[in-house]
Amino acid sequence: MVSLRSAGPLSAGGSLAMHVAGAESNVAVGVARLGHTVTWAGAVGADPHGEFILRQLRSEGIGTQCRVDPSRSTGVMFLEQRTADVTRAFYYRAGSAGSTVSRDDVDSALAAGPRVLHLTGITPALSPEARKAFEYAAECAAADGVLVSLDVNYRSRLWTRDEARAVLGPIARHADILIASDDELDLVASAALSGSDSLGYDDAETALAASLLEQGVGEVVVKRGSAGAGVHTASGRFEAPAVAVTSIDTVGAGDAFTAGYLSALLDGEDVAGRLQRGAVMGAFAVSTAGDWEGLPSRAELAMLGATASGTTQ
Ligand code: ATP
């Protein structure tokens, strides 16, 4: 998908800037810039904006396992900076090439034998076919011993919370690493809260995370914006505060965090090291413009207080 960004109200017209957009491509850029081998899998139309996506990803050193579908268009999103604090999104992705991602596309992507498969809860919201491909991908990867990372990434413009819960709840048990914002945990673990309405928020998070751990999830990662992030595991709970920076554009912070977390995991860092790298990457995302453009190389991690190996100084 591409985003077309306006600097003011869309109804007033003016210039639009085209950028590659999408949670998965944001994560792919973040992980690739930190020096890992990454392949992005998906589908685009046979149109210039589809070609733009592939060129941009390849220029970041990202491999592409992409089906070009001449019968469909590449997805588009208008992003309107309506006020300094309010950005509105208008999606034109129904029926797009990306929404037709299929089981065959999954087979092609997994044939390369990745160590980690990263999925987002956006894909199954795009179409029934994409939902089947998403479920198939999680099941195949889990069966093949590929580490499955799932970011809930709830998008209210695409489906309701109940619809998301019905699809994401059953698939979450295939995740080795389940990543959610603090208001998304109940979409993958709602059953655990029955009868616990009187619990405080922190207790509720712990109960939801515990139910996921019981189902076999290895790490439940909870993002809390400027309040930092935490990880629940069978051996305990870990917390990392956000890195203090001047925030100018918060979009993409979660994806940057995920890229940092997965990159540190690939490097063999422990949970605390993964959290710290995630926090540094999230801080880069919020303190630079764009969803992914400001993400650092490995050497640049040190700008915000992390060493090249990712541990804080
Ligand atoms: P998005 O959907 O916009 O990508 P998200 O809700 O998935 O965001 P956040 O929780 O907002 O993700 O951010 C992820 C991480 O990025 C946080 O856990 C934190 O480490 C870092 N982060 C977010 N906001 C800030 C901030 N204002 N200052 C410093 N770090 C931040």
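The paragraphs below lead through a predicted model, beginning at its ligand and moving outward to selected helices and single residues.

Residues are numbered from 1 along each chain as its sequence is written, and side-chain values rest on heavy atoms, with hydrogens and water left out. Because the model is predicted, local features need pLDDT of at least 70 and side-chain atom pairs count only at pLDDT 80 or more, whereas totals for chains, interfaces and linings use all residues.

The ligand is surrounded by 22 residues, of which the closest are Ser181, Lys223, Gly225, Gly228 and Gly254; a residue is near the ligand if one of its heavy atoms lies within 4 Å of it. By class, the shell around the ligand divides into ten nonpolar, nine polar and three charged residues, where Ala, Val, Leu, Ile, Met, Phe, Trp, Tyr, Cys and Pro count as nonpolar, Asp, Glu, Lys and Arg as charged, and the others, Gly among them, as polar. Two helices, α7 (253-266) and α8 (271-286), each supply at least two residues of this shell; helices are DSSP runs of H or I with at least four residues, strands are runs of E with at least two, and both are numbered from the N terminus.

Oxygen atoms of the ligand have polar partners in the protein: one is 2.9 Å from an N or O atom in the side chain of lysine 223, and an N or O atom in the side chain of serine 181 is 3.1 Å from a ligand oxygen. The backbone takes part as well, with a polar backbone atom of glycine 228 lying 2.9 Å from an oxygen atom of the ligand. Taken alone the ligand exposes 630 Å², and the protein buries 82% of that, the areas coming from the Shrake-Rupley method with a 1.4 Å probe.

Helix α7 is itself mostly covered, since 13 of its 14 residues are buried, that is, have under 20% relative accessible area, with exposed meaning over 50% and partly exposed in between (1.4 Å probe, protein chains only). Its end C-alpha atoms are 20 Å apart, which agrees with the 20 Å that 14 residues should span at 1.5 Å a residue, the expected span being 1.5 Å times one less than the number of residues. After α7 comes glycine 268, whose phi is positive, near 85°.

Alanine 272 lies in the other of these shell helices, α8, and counts as partly exposed because its relative accessibility is 34%. Although alanine 272 and alanine 240 are 32 residues apart along the chain, their C-alpha atoms are separated by 7.8 Å. In the segment after α8 stands aspartate 291, which counts as buried because its relative accessibility is 7%. Its side chain is joined to that of arginine 5 by a polar contact of 3.3 Å; such a contact is a pair of N or O atoms within 3.5 Å, and within protein one must be able to donate a hydrogen and the other to accept it, while residues adjacent in sequence count only if both atoms are side-chain atoms. Leaving aside residues up to four places away in sequence, aspartate 291 touches Arg5, Asn26, Val251 and Gly252, contact meaning heavy atoms within 4.5 Å.

Helix α4 offers another covered element, with Ala130, Ala133, Phe134, Glu135, Tyr136, Ala137, Ala138, Cys140 and Ala141 buried. The cover over these buried residues includes α3 (103-110), β7 (116-120), β8 (147-151) and α5 (161-172). The 16 residues of α4 (residues 128-143) should span 22 Å at 1.5 Å a residue, and the end C-alpha atoms, 23 Å apart, agree with this. Glycine 145, with a positive phi near 80°, follows the helix.

Strand β8, part of that cover, holds serine 149, which is buried because its relative accessible area is 0%. The side chains of serine 149 and histidine 118 make a polar contact of 2.8 Å, and, not counting residues up to four places away in sequence, serine 149 touches Val116, Leu117, His118, Leu119, Ile177, Ile179 and Leu262.

The loop between β8 and α5 contains asparagine 153, buried because its relative accessibility is 6%. Most residues other than glycine have a negative phi, yet phi of asparagine 153 is positive, near 45°. Beyond this loop, helix α5 contains arginine 165, which counts as partly exposed because its relative accessibility is 21%, and whose side chain is joined to that of aspartate 186 by a polar contact of 2.9 Å.
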